[in-house]
Amino acid sequence: MAYTVRKTRNLYQPGQQKPFALSRSKVELFVQCPRCFYLEARLGIKRPPGFPFNLNSAVDELLKREFDQYRAIQQPHPIMVEHGLDLVPYHHPKLNQWRHNFTGIRHYHRGLGLDCFGAVDDVWMDAKEQLYVIDYKATSKN
(Lines give C-alpha, C1' and ligand atoms only; values in the text may rest on other atoms or scores of the structure.)
Protein backbone atom coordinates (compact mmCIF):
# COMPACT_ATOMS: atom_id res chain seq x y z
CA MET A 1 0.00 0.00 0.00
CA ALA A 2 1.43 3.38 -0.99
CA TYR A 3 1.19 6.22 1.49
CA THR A 4 1.11 9.97 0.86
CA VAL A 5 3.57 12.61 1.99
CA ARG A 6 4.07 13.04 5.70
CA LYS A 7 2.34 15.92 7.48
CA THR A 8 3.94 17.61 10.45
CA ARG A 9 1.06 19.61 12.01
CA ASN A 10 -1.66 18.40 14.38
CA LEU A 11 0.04 15.14 15.25
CA TYR A 12 -0.75 13.44 18.54
CA GLN A 13 2.05 13.60 21.11
CA PRO A 14 1.58 11.54 24.30
CA GLY A 15 1.11 13.84 27.27
CA GLN A 16 0.38 16.90 25.12
CA GLN A 17 -1.58 19.70 26.79
CA LYS A 18 -3.35 20.86 23.62
CA PRO A 19 -6.56 18.91 22.80
CA PHE A 20 -6.14 16.40 19.99
CA ALA A 21 -8.80 16.85 17.28
CA LEU A 22 -10.51 13.55 16.52
CA SER A 23 -13.15 13.37 13.78
CA ARG A 24 -15.71 10.64 13.21
CA SER A 25 -13.74 9.56 10.15
CA LYS A 26 -10.58 9.19 12.26
CA VAL A 27 -12.48 6.99 14.74
CA GLU A 28 -13.71 4.93 11.78
CA LEU A 29 -10.11 4.68 10.51
CA PHE A 30 -9.02 3.35 13.91
CA VAL A 31 -11.78 0.72 13.85
CA GLN A 32 -10.90 -0.32 10.28
CA CYS A 33 -7.13 -0.27 10.67
CA PRO A 34 -5.43 0.67 13.98
CA ARG A 35 -2.04 0.63 12.20
CA CYS A 36 -3.23 3.14 9.58
CA PHE A 37 -4.65 5.34 12.34
CA TYR A 38 -1.33 5.30 14.22
CA LEU A 39 0.64 6.11 11.06
CA GLU A 40 -1.59 9.11 10.42
CA ALA A 41 -2.19 10.43 13.95
CA ARG A 42 1.34 9.97 15.30
CA LEU A 43 3.60 10.00 12.24
CA GLY A 44 1.59 12.10 9.78
CA ILE A 45 1.54 9.44 7.06
CA LYS A 46 -1.90 9.39 5.43
CA ARG A 47 -3.55 6.56 3.57
CA PRO A 48 -3.97 7.10 -0.15
CA PRO A 49 -7.31 8.68 -1.01
CA GLY A 50 -10.16 6.45 -2.09
CA PHE A 51 -12.61 6.91 -4.90
CA PRO A 52 -14.52 10.20 -5.08
CA PHE A 53 -17.91 10.19 -3.41
CA ASN A 54 -19.85 12.21 -6.00
CA LEU A 55 -22.78 9.78 -6.08
CA ASN A 56 -22.81 9.42 -2.29
CA SER A 57 -22.78 13.22 -1.85
CA ALA A 58 -25.64 13.64 -4.33
CA VAL A 59 -27.74 11.00 -2.54
CA ASP A 60 -27.01 12.65 0.84
CA GLU A 61 -28.10 16.04 -0.51
CA LEU A 62 -31.32 14.65 -2.00
CA LEU A 63 -32.20 12.86 1.25
CA LYS A 64 -31.55 16.01 3.28
CA ARG A 65 -33.85 18.04 1.02
CA GLU A 66 -36.61 15.44 1.19
CA PHE A 67 -36.50 15.12 4.99
CA ASP A 68 -36.30 18.93 5.29
CA GLN A 69 -39.73 19.13 3.60
CA TYR A 70 -41.20 16.95 6.36
CA ARG A 71 -39.21 18.85 9.01
CA ALA A 72 -40.91 22.07 7.87
CA ILE A 73 -44.38 20.61 8.49
CA GLN A 74 -43.28 18.50 11.49
CA GLN A 75 -44.70 15.30 10.02
CA PRO A 76 -43.10 11.87 9.79
CA HIS A 77 -41.66 10.90 6.41
CA PRO A 78 -43.78 8.18 4.70
CA ILE A 79 -40.93 5.66 5.01
CA MET A 80 -41.00 6.16 8.79
CA VAL A 81 -44.75 5.52 8.84
CA GLU A 82 -44.34 2.47 6.56
CA HIS A 83 -41.83 0.92 8.97
CA GLY A 84 -43.72 1.81 12.15
CA LEU A 85 -41.16 4.36 13.34
CA ASP A 86 -42.61 7.05 15.58
CA LEU A 87 -40.09 9.67 14.43
CA VAL A 88 -40.20 13.13 12.90
CA PRO A 89 -37.28 15.12 11.50
CA TYR A 90 -36.03 17.29 14.37
CA HIS A 91 -36.24 21.03 13.90
CA HIS A 92 -33.40 23.08 15.38
CA PRO A 93 -32.03 26.47 14.28
CA LYS A 94 -28.44 25.12 14.27
CA LEU A 95 -29.15 22.04 12.12
CA ASN A 96 -27.48 23.53 9.02
CA GLN A 97 -24.41 24.36 11.12
CA TRP A 98 -24.34 20.80 12.47
CA ARG A 99 -24.36 19.49 8.90
CA HIS A 100 -21.03 21.11 7.95
CA ASN A 101 -17.63 19.64 8.74
CA PHE A 102 -15.52 21.57 11.24
CA THR A 103 -18.50 23.70 12.37
CA GLY A 104 -20.67 20.64 13.03
CA ILE A 105 -20.90 19.22 16.52
CA ARG A 106 -17.93 19.20 18.91
CA HIS A 107 -17.29 17.68 22.31
CA TYR A 108 -14.12 18.10 24.33
CA HIS A 109 -13.34 15.07 26.51
CA ARG A 110 -11.22 16.56 29.28
CA GLY A 111 -10.06 13.21 30.70
CA LEU A 112 -8.66 12.01 27.37
CA GLY A 113 -7.72 15.41 25.96
CA LEU A 114 -9.72 14.68 22.81
CA ASP A 115 -11.64 17.28 20.83
CA CYS A 116 -14.17 15.06 19.03
CA PHE A 117 -16.00 16.62 16.12
CA GLY A 118 -18.02 15.84 13.03
CA ALA A 119 -20.99 16.71 10.92
CA VAL A 120 -24.38 15.01 11.02
CA ASP A 121 -26.63 14.26 8.09
CA ASP A 122 -29.84 14.53 10.06
CA VAL A 123 -31.45 14.38 13.50
CA TRP A 124 -34.82 12.76 14.17
CA MET A 125 -36.97 12.88 17.32
CA ASP A 126 -39.42 10.38 18.82
CA ALA A 127 -42.58 11.06 20.85
CA LYS A 128 -40.54 11.06 24.09
CA GLU A 129 -38.30 13.79 22.60
CA GLN A 130 -35.35 11.38 22.39
CA LEU A 131 -33.01 12.50 19.60
CA TYR A 132 -31.44 10.16 17.01
CA VAL A 133 -28.38 11.24 15.02
CA ILE A 134 -28.69 9.97 11.45
CA ASP A 135 -25.90 9.25 8.97
CA TYR A 136 -27.12 8.60 5.43
CA LYS A 137 -25.19 5.92 3.54
CA ALA A 138 -25.22 5.39 -0.20
CA THR A 139 -23.64 2.14 -1.35
CA SER A 140 -23.79 -0.01 -4.42
CA LYS A 141 -23.86 -3.79 -4.17
CA ASN A 142 -24.98 -6.61 -6.45
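1. Let's start with one residue: Glu-28 has a relative accessible area of 33%, so Glu-28 counts as partly exposed. Here buried means under 20% relative accessible area, exposed means over 50%, and partly exposed is in between, with a 1.4 Å probe and protein chains only. Glu-28 makes a salt bridge with Arg-24, and their closest N and O atoms are 2.7 Å apart. A salt bridge here is a side-chain nitrogen of Lys or Arg within 4 Å of a carboxyl oxygen of Asp or Glu. Glu-28 and Arg-24 sit four residues apart in helix 1, which means about one helical turn separates them. Arg-24 is partly exposed too, because its relative accessibility is 43%.

2. A word on what you are looking at. This is a predicted model, in which local features need pLDDT of at least 70 and side-chain atom pairs count only at pLDDT 80 or more, while totals for chains, interfaces and linings use all residues. Residues are numbered from 1 along each chain as its sequence is written, and side-chain values use heavy atoms, with hydrogens and water left out.

3. Now the overall plan. The protein chain has five helices and six strands, and along the sequence they follow the pattern β-α-α-α-α-β-α-β-β-β-β. Helices (H or I, at least four residues) and strands (E, at least two) are DSSP runs, numbered from the N terminus. Of the 142 residues in the protein chain, 29% count as buried.

4. How are the strands of the first sheet ordered? One open sheet of three strands has the order 1-4-3, with mixed pairing. Strand 1 (20-23) and strand 3 are at its edges with a single partner strand each, so one side of each has no neighbour in the sheet. Two strands pair if DSSP finds at least two bridges between them. Strand 3 (residues 105-109) and strand 4 (residues 114-118) run antiparallel and are joined by five bridges. Ile-105 stands opposite Gly-118 in strand 4, and Arg-106 has Phe-117 as its bridge partner there. In the hairpin of these two strands there are four residues between the strands, and Gly-113 takes a positive phi near 70°.

5. There is another open sheet, with three strands in the order 2-5-6 and antiparallel pairing. Its edge strands are strand 2 (87-89) and strand 6, each pairing on one side only. Strand 2 and strand 5 (residues 122-126) pair in the antiparallel sense over three bridges, and Pro-89 stands opposite Trp-124 in strand 5. As background, strands of a sheet pair through backbone hydrogen bonds, either parallel or antiparallel.

6. Next, the rings. Rings of Phe, Tyr and Trp (its six-membered ring) pair if their centres lie within 6.5 Å; planes under 30 degrees apart count as stacked, over 60 as edge-to-face and the rest as tilted. By this rule there are four aromatic pairs. One of them is Tyr-12 with Phe-20, which is edge-to-face at 5.3 Å centre to centre and 70° between the planes. Tyr-12 is partly exposed because its relative accessibility is 29%, whereas Phe-20 is buried because its value is 10%. Phe-67 and Tyr-136 form a stacked pair, at 6.0 Å centre to centre and 20° between the planes. That pair links distant parts of the chain: Phe-67 is in helix 3 (residues 54-73) and Tyr-136 is in the segment after strand 6 (131-134), 69 residues apart. Both Phe-67 and Tyr-136 are buried, and ring pairs link them with Trp-124 into a cluster.

7. Which residues tie helix 3 to the loop between strand 4 and strand 5? Lys-64 and Asp-121 do, forming a salt bridge whose closest N and O atoms are 3.6 Å apart. Along the chain, Lys-64 and Asp-121 are 57 residues apart, and both are buried.

8. Within helix 3, Asp-68 and Arg-71 are three residues apart, about one turn of the helix. Their side chains meet in a salt bridge of 3.0 Å, N to O. Arg-71 is buried because its relative accessible area is 6%, while Asp-68 is partly exposed because its relative accessibility is 27%. A network of salt bridges links Asp-68, Arg-71, Arg-99 and Asp-122. The count of salt bridges comes to nine.
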